Amino acid sequence: MIPNRVKCFLAGPVLEAANPRFPGRPHQRLADLVGEGDTRVLEICAGTGYLARLVARQRPGAEIHALDLSPEMLAVGRRRAAAEGLDRVTFVHGDAGALPFADDSFDVVMASYGLHEIPTGVRAAAIGEAARVLRPGGRLLVVDIDAPPRRSRLFDAYMRMVEKPHAREVVGRGLVDALARAGFDVAEHRSAQTRPLPFQLIDARSPTDGRRTRSQLETRSITNATPCPEPTQTPIAP
Ligand SMILES: C[S@@+](CC[C@H](N)C(=O)[O-])C[C@H]1O[C@@H](n2cnc3c(N)ncnc32)[C@H](O)[C@@H]1O
């Protein structure tokens, strides 16, 4: 068994190498959805901020925050951003389920391959937090794993051996239904794009009907964060 600490140090460089090689280029597809007028952008579960850096290159007017629970991932991202001269990306250590930002702070919140990793309750909190920090009518852009249209033994084996059971909750209509329950208006859901690693793309508008909760930032803290947690560990307590 590889110790968690070692996994932490390997994960960032592995993702940096793997992300540009994903079939169908899911990160690039998501980055292309960010518009010219989207100047305040947040990536949650950002890892090394690979997606945030793609957006920074394409949108010179945007200020981008990349938030993750793992200091090791963030350290890799900071080094890469500095080497690439991308000083408009700010790396933030934090929990997607308790965002350290004020209400209505962003035009766009993005998540790439993060929401399947976090347990059900934290995912619901993260979706609620995305709604809160987005301006009314702001967009939540998501790319995440999806099931292939026809049953695949390879996919089933991958889900059984690599992912935690709650990861299954995002495939199919799982994630779009969760967004709709939180009041998001799902403008576009492109399911099962590309084989052999199918992914889904979601473009959803934030609720404008007052369902968003006010910030309780003063009662929240990230100081108890476990360094580089297993993605499915219980998040930081409020
Ligand atoms: C599979 S990685 C994806 C990283 C990145 N978005 C990418 O596409 O390369 C999932 C990331 O989610 C982060 N994560 C897990 N739970 C989190 C939470 N509650 N808040 C913030 N980040 C979290 C992990 O630390 C990890 O970096």
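Two residues are in contact here if their C-beta atoms, placed from the backbone, lie within 7 Å. Keep that cut-off in mind as you go through the views below, all of which come from a predicted model.

**View 1. The whole chain, with 7 helices and 7 strands.** Of the contacts in the protein with a separation of 6 or more, 73% are between residues 24 or more positions apart. If you trace the chain along its sequence, you will meet the pattern α-α-β-α-β-α-β-β-α-β-α-α-β-β. Among the 238 residues of the protein, 40% count as buried.

**View 2. The residues around the ligand.** Which residues come nearest to the ligand? They are Cys 45, Gly 47, Ser 70, Ala 96 and Ser 112, out of 22 residues around the ligand. By character, the shell is made up of 13 nonpolar, 6 polar and 3 charged residues.

**View 3. The largest nonpolar core, with Val 41 as a guide.** This core has 57 residues. Val 41 is one of those with the most contacts inside the core, together with Ile 44, Leu 51, Val 55, Val 109, Ala 130 and Leu 140. What does Val 41 touch, once its neighbours within four places in sequence are left aside? Its partners are Val 34, Val 55, Ala 62, Ile 64, Phe 106, Asp 107, Val 108 and Met 110.

**View 4. Strand β2 and its two parallel partners, β1 and β3.** Of the 6 residues in β2, 5 are buried, leaving the strand mostly covered. On one pairing, β2 meets β1 (residues 40-44) in the parallel sense through 4 bridges. Here Val 41 sits opposite Ile 64 in β2. To get from β1 to β2, the chain passes through α3 in a right-handed β-α-β crossover. In the other pairing, β2 and β3 (residues 89-93) are parallel, with 5 bridges between them. Look for Leu 67, which stands opposite Val 92 in β3. Helix α4 (residues 71-83) carries the chain from β2 to β3, and this β-α-β crossover is again right-handed.

**View 5. Gly 61, in a loop beside β2.** The loop holding Gly 61 runs between α3 (50-58) and β2 (63-68). Is Gly 61 buried or exposed? Gly 61 has 9 other C-beta atoms within 10 Å, so it is exposed; the cut-off for exposed is 12 or fewer. Thr 39 is worth finding in this view too: Gly 61 and Thr 39 are 22 residues apart in sequence, yet their C-alpha atoms are 6.0 Å apart in space.

**View 6. Strand β5 between two pairings, with β4 and with β7.** Why is β5 described as largely enclosed by the rest of the structure? Because 9 of the 12 residues of β5 (residues 134-145) are buried. Strand β4 (residues 106-112) pairs with β5 in the parallel sense, over 6 bridges. Within that pairing, Val 108 stands opposite Arg 139 in β5. The chain travels from β4 through helix α5 (residues 120-133) to β5, and this β-α-β crossover is right-handed. The pairing of β5 with β7 (residues 199-205) is antiparallel, with 7 bridges joining the two strands. A handy place to spot this pairing is Leu 141, opposite Asp 203 in β7. As you step along a strand, remember that in a regular strand the side chains alternate between the two faces of the sheet.

Methods: Residues are numbered from 1 along each chain as its sequence is written. This is a predicted model: local features need pLDDT of at least 70, side-chain atom pairs count only at pLDDT 80 or more; totals for chains, interfaces and linings use all residues. A residue is near a molecule or strand if its C-beta atom, placed from the backbone, lies within 6 Å of it. Ala, Val, Leu, Ile, Met, Phe, Trp, Tyr, Cys and Pro count as nonpolar, Asp, Glu, Lys and Arg as charged, and the others, Gly among them, as polar. A nonpolar core is a set of buried Ala, Val, Leu, Ile, Met, Phe, Trp, Tyr and Cys residues joined through C-beta atoms within 7 Å. A residue is buried if 20 or more other C-beta atoms lie within 10 Å of its own, exposed if 12 or fewer, and partly exposed in between; C-beta atoms are placed from the backbone. Two strands pair if DSSP finds at least two bridges between them. A crossover is right-handed if, with the strands pointing away from the viewer, the path from the first strand over the helix to the second runs clockwise.
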